Amino acid sequence: MNKKVLLMAFDASKPLLQAIQDGDVVGSILQDPYKMGYLSTWCCVRHILGEDVTPPAKELWTGEHVVSRGNVDTEFVRGLYDPEAQARRR
């Protein structure tokens with residue numbers, strides 16, 4: 001059933017990313033751990049300072065990204081799962 005049934009995944013692993021490159025999997029949803037950590041730290045500090053950190057729901061986006069064959073090899077996508085690429089992020 002390979003390539004007859006379309007598969008979509010969540011998160012990243014070497015075999016999964018290879019399957020996306022090979023076209024066996026359509027794509028994957030990757031979380032952005034850098035943005036999640038930044039946002040949670042920002043909210044904690046603001047809360048401790050007495051600020052209201054309850055924004056509208058649309059502002060709570062923590063950085064989920066669709067990875068496909070077209071972008072799986074980009075530096076941005078590598079920054080979502082590769083520790084060395086994450087260290088280069090700003």
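Along strand β3 of this predicted model, the side chains take turns: H65 and V67 point to one face and are buried, whereas V66 and S68 point to the other face and are not buried. This is a pattern worth knowing in general terms, because in a regular strand the side chains alternate between the two faces of the sheet. H65, which lies in β3, has a relative accessible area of 17% and is therefore buried, since the cut-off for that word is under 20%. If neighbours within four places in sequence are left aside, H65 is in contact with S28, I29, L30, D32, F76 and L80.

Where does β3 stand in the order of its sheet? The sheet is an open one of 3 strands, arranged in the order β1-β2-β3 and with mixed pairing, and its edge strands are β1 and β3, each of which pairs on one side only. Neighbouring strands are turned against each other by 25 degrees on average, if direction is ignored. The word "mixed" can be followed pair by pair: β1 and β2 pair in the parallel sense, over 3 bridges, while β2 and β3 run antiparallel and are joined by 4 bridges. Residue I29 is a good place to see both pairings, for I29 in β2 is the bridge partner of F10, and the bridge partner of I29 in β3 is V66.

From the sheet, the reader can turn to the helix that packs on it. Helix α1 touches β1, β2 and β3, and the direction of α1 makes about 135 degrees with that of β2. Helix α1 spans residues 14–22, and its buried residues are L16, L17, A19 and I20. These four residues cover an arc of only 155 degrees around the axis, which means that they sit on the same side of α1. The buried residues of α1 pack against β1 (residues 8–10), β2 (residues 27–30) and β3 (residues 65–68), whereas the face of α1 turned away from this buried side carries the exposed residues K14 and P15. After α1 comes G23, whose phi is positive, near 85 degrees.

The buried side of α1 also belongs to a wider group. In soluble globular proteins, nonpolar side chains tend to be buried together. Which residues make up the largest nonpolar core here? There are 11 of them in all, namely A9, L16, L17, A19, I20, V25, L30, V67, V72, V77 and L80, and the largest share of this core, 4 residues, comes from α1. One member of the core, V67, has already appeared as a buried residue of β3, and another, L80, has appeared among the contacts of H65. L16, a further member, is in contact with A9, F10, D11, V25 and S28 when its neighbours within four places in sequence are left aside.

One of those contacts of L16, D11, deserves a closer look. D11 is found in the loop between β1 and α1, and it has a positive phi of about 80 degrees although it is not a glycine. With a relative accessibility of 32%, D11 counts as partly exposed.

Another loop, the one between α2 (residues 33–48) and β3, holds W61. Is W61 buried, partly exposed or exposed? Its relative accessibility is 40%, so W61 counts as partly exposed. Apart from neighbours within four places in sequence, W61 is in contact with K35 and L39. W61 and M8 are 53 residues apart in sequence, and their C-alpha atoms are 21 Å apart in space.

The last point concerns the cysteines. A disulfide is a covalent bond between the sulfur atoms of two cysteines. How many disulfides does the structure hold? The structure holds 0 disulfides, and the distances help to explain why C43 and C44 do not form one: the cysteine sulfur closest to that of C43 belongs to C44 and is 7.1 Å away, too far for a bond, because a disulfide here needs the two sulfur atoms within 2.5 Å. The two residues can also be described by their surroundings, since C43, at 19% relative accessibility, counts as buried, while C44, at 48%, counts as partly exposed.

How values were computed
Residues are numbered from 1 along each chain as its sequence is written. This is a predicted model: local features need pLDDT of at least 70, side-chain atom pairs count only at pLDDT 80 or more; totals for chains, interfaces and linings use all residues. Side-chain values use heavy atoms; hydrogens and water are left out. Buried means under 20% relative accessible area, exposed over 50%, partly exposed in between (1.4 Å probe, protein chains only). Helices (H or I, at least four residues) and strands (E, at least two) are DSSP runs, numbered from the N terminus. The arc is that of the directions from the helix axis to the C-beta atoms. Contact means heavy atoms within 4.5 Å. A nonpolar core is a set of buried Ala, Val, Leu, Ile, Met, Phe, Trp, Tyr and Cys residues joined through side-chain atoms within 4.5 Å. Two strands pair if DSSP finds at least two bridges between them. Axes are lines fitted to C-alpha atoms, for helices over the stretch in contact, and angles run from 0 to 180 degrees between N-to-C directions.
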